Amino acid sequence: MSKTMINRNRHFIKHLAGTMRFSSSLSSSQVPSLTTTTRNPHQFYTSLFCTLIHLFLRCRRLSSAAAAFSAMRDFKYTPELATWNSLLHHFNSAGLIHQVMVIYQEMIFSGVGLNVATKNIVVHSLSKVGEFDRALDLLRDNNDYEFMSDGVTYNTVIWGFCKYGHVEIGARFGVGDDQRGVDCDSFTCNILTKGFCEK
């Protein structure tokens with residue numbers, strides 16, 4: 001992305017932030033369109049930022065998406081869990097693993113109650129880049145959460161092992177004691193079969 005485009009995006013986000021600061025200082029009688037659209041300006045602006053981030057990601061303007069997320073958090077706008085997970089998923093799909101970890105840390109910092117879908121997305125992003133130590137630490141960390149890792153979490157790590165040619169480790173992991181009550185399923189078998197065939 002050119003320097004001009006980056007500066008233009010920063011100007012747009014700064015202008016948006018300035019507009020929001022101005023409109024939030026006005027009384028409700030001065031901003032009838034906002035009060036009739038939604039009763040909660042915080043929710044409105046959070047939704048606006050999230051839409052902007054998704055549009056930037058869809059257009060592959062990745063640095064703009066990251067900048068918009070930073071601006072949203074600078075204003076302390078906190079999405080609901082489903083929206084957080086959607087942001088994690090889309091940044092992961094775009095290949096921005098560092099940004100996935102930034103969002104995950106922001107979720108923890110803001111006190112959002114995480115769920116197993118959150119864990120699965122983060123484990124997938126770590127496995128995708130071969131950071132198995134961190135992925136396994138997160139998979140095994142069931143004490144800090146109100147939920148346990150599920151079959152998807154385990155299959156994701158096995159997929160990562162196979163992706164990097166460590167099929168035997170994936171196979172041992174799939175049938176080992178590490179599973180803690182999570183059974184292998186047809187997805188596990190398909191991942192391992194594909195891994196062995198490719199190897």
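Colleague: Which residues of helix 7 meet helix 9?

Modeller: In this predicted model, Val-116, Lys-119, Asn-120, Val-123, His-124, Ser-127 and Lys-128 of helix 7 meet Val-152, Thr-153, Thr-156, Val-157, Trp-159, Gly-160 and Lys-163 of helix 9. Divided by class, this contact of helix 7 with helix 9 holds 5 nonpolar, 6 polar and 3 charged residues.

Colleague: What makes Lys-119 and Lys-128 charged residues and Gly-160 a polar one in that division?

Modeller: Asp, Glu, Lys and Arg count as charged, so Lys-119 and Lys-128 fall in that class. Gly is placed among the polar residues, and Gly-160 is therefore polar.

Colleague: How do you know whether helix 7 and helix 9 are roughly parallel or roughly antiparallel to each other?

Modeller: The axes of helix 7 (residues 116–128) and helix 9 (residues 151–163) come within 9 Å and cross at roughly 5°. Angles under 35 degrees count as roughly parallel, and helix 7 and helix 9 are therefore roughly parallel to each other.

Colleague: How is helix 9 oriented against helix 11?

Modeller: Helix 9 packs against helix 11 (residues 186–198) at an angle of about 5°, and their axes are 9 Å apart. An angle of about 5° is under 35 degrees, so helix 9 is roughly parallel to helix 11. On the side of helix 9, Asn-155, Ile-158, Trp-159 and Cys-162 take part, and they meet Phe-187, Thr-188, Ile-191, Leu-192 and Gly-195 of helix 11. The residues of this contact divide into 6 nonpolar, 3 polar and no charged.

Colleague: What makes helix 3 roughly antiparallel to helix 4?

Modeller: The axes of helix 3 and helix 4 (residues 62–74) come within 7 Å and cross at roughly 165°. Angles over 145 degrees count as roughly antiparallel, which makes helix 3 roughly antiparallel to helix 4. The crossing of these two helices is left-handed.

Colleague: Which residues make the contact of helix 3 and helix 4?

Modeller: Helix 3 contributes Thr-46, Phe-49, Cys-50, Leu-52, Ile-53, Phe-56 and Leu-57, and helix 4 contributes Leu-62, Ser-64, Ala-65, Ala-68, Phe-69, Ala-71 and Met-72. By class, the contact has 12 nonpolar, 2 polar and no charged residues.

Colleague: Why is Thr-46 called buried or exposed?

Modeller: Thr-46 has a relative accessible area of 6%. Buried means under 20%, and Thr-46 is therefore buried. The residue belongs to helix 3 (residues 41–58). Apart from its neighbours within four places in sequence, Thr-46 is in contact with Met-72, Tyr-77, Thr-78 and Pro-79.

Colleague: How does Thr-83 count by its relative accessibility?

Modeller: Thr-83, in helix 5 (residues 81–93), has a relative accessibility of 26%. Since the value lies between the limits of 20% and 50%, Thr-83 counts as partly exposed. Its C-alpha atom and that of Cys-50 are separated by 7.7 Å, although the two residues are 33 residues apart along the chain.

Colleague: Why is Asp-141 called buried, exposed or partly exposed?

Modeller: The relative accessible area of Asp-141 is 22%, which is not under 20% and not over 50%, so Asp-141 is partly exposed. Asp-141 lies in the loop between helix 8 (132–140) and helix 9. The C-alpha atoms of Asp-141 and Lys-119 are separated by 10.0 Å, with the residues 22 apart along the chain.

Colleague: Why is Lys-76 called buried or exposed?

Modeller: Lys-76 has a relative accessible area of 57%. Exposed means over 50%, and Lys-76 is therefore exposed. This residue is found in the loop between helix 4 and helix 5.

Colleague: What is the phi of Lys-76, and what is that of Arg-60?

Modeller: Lys-76 has a positive phi of about 65°, and Arg-60 has a positive phi of about 60°. Neither residue is a glycine. Most residues other than glycine have a negative phi. Arg-60 is placed in the loop between helix 3 and helix 4.

Colleague: How many helices and strands does the protein have?

Modeller: The protein has 11 helices and 0 strands. Buried residues make up 42% of its 199 residues. Of the contacts between residues at least 6 apart in sequence, 65% join residues at least 24 apart.

Colleague: Where does UniProt place the feature "repeat: PPR"?

Modeller: UniProt, in an unreviewed entry, places the feature at residues 80–114. Over residues 80–114 the model is 74% helix and 0% strand, with the end C-alpha atoms 10 Å apart.

Terms used. Residues are numbered from 1 along each chain as its sequence is written. This is a predicted model: local features need pLDDT of at least 70, side-chain atom pairs count only at pLDDT 80 or more; totals for chains, interfaces and linings use all residues. Side-chain values use heavy atoms; hydrogens and water are left out. Helices (H or I, at least four residues) and strands (E, at least two) are DSSP runs, numbered from the N terminus. Buried means under 20% relative accessible area, exposed over 50%, partly exposed in between (1.4 Å probe, protein chains only). Contact means heavy atoms within 4.5 Å. Axes are lines fitted to C-alpha atoms, for helices over the stretch in contact, and angles run from 0 to 180 degrees between N-to-C directions. Angles under 35 degrees count as roughly parallel, over 145 as roughly antiparallel, 65 to 115 as roughly perpendicular and the rest as oblique. A crossing is left-handed if the near helix is turned anticlockwise from the far one by less than a right angle, and right-handed if clockwise. UniProt positions are given in the numbering used here, feature names are shortened, and annotations may be inferred rather than shown by experiment.
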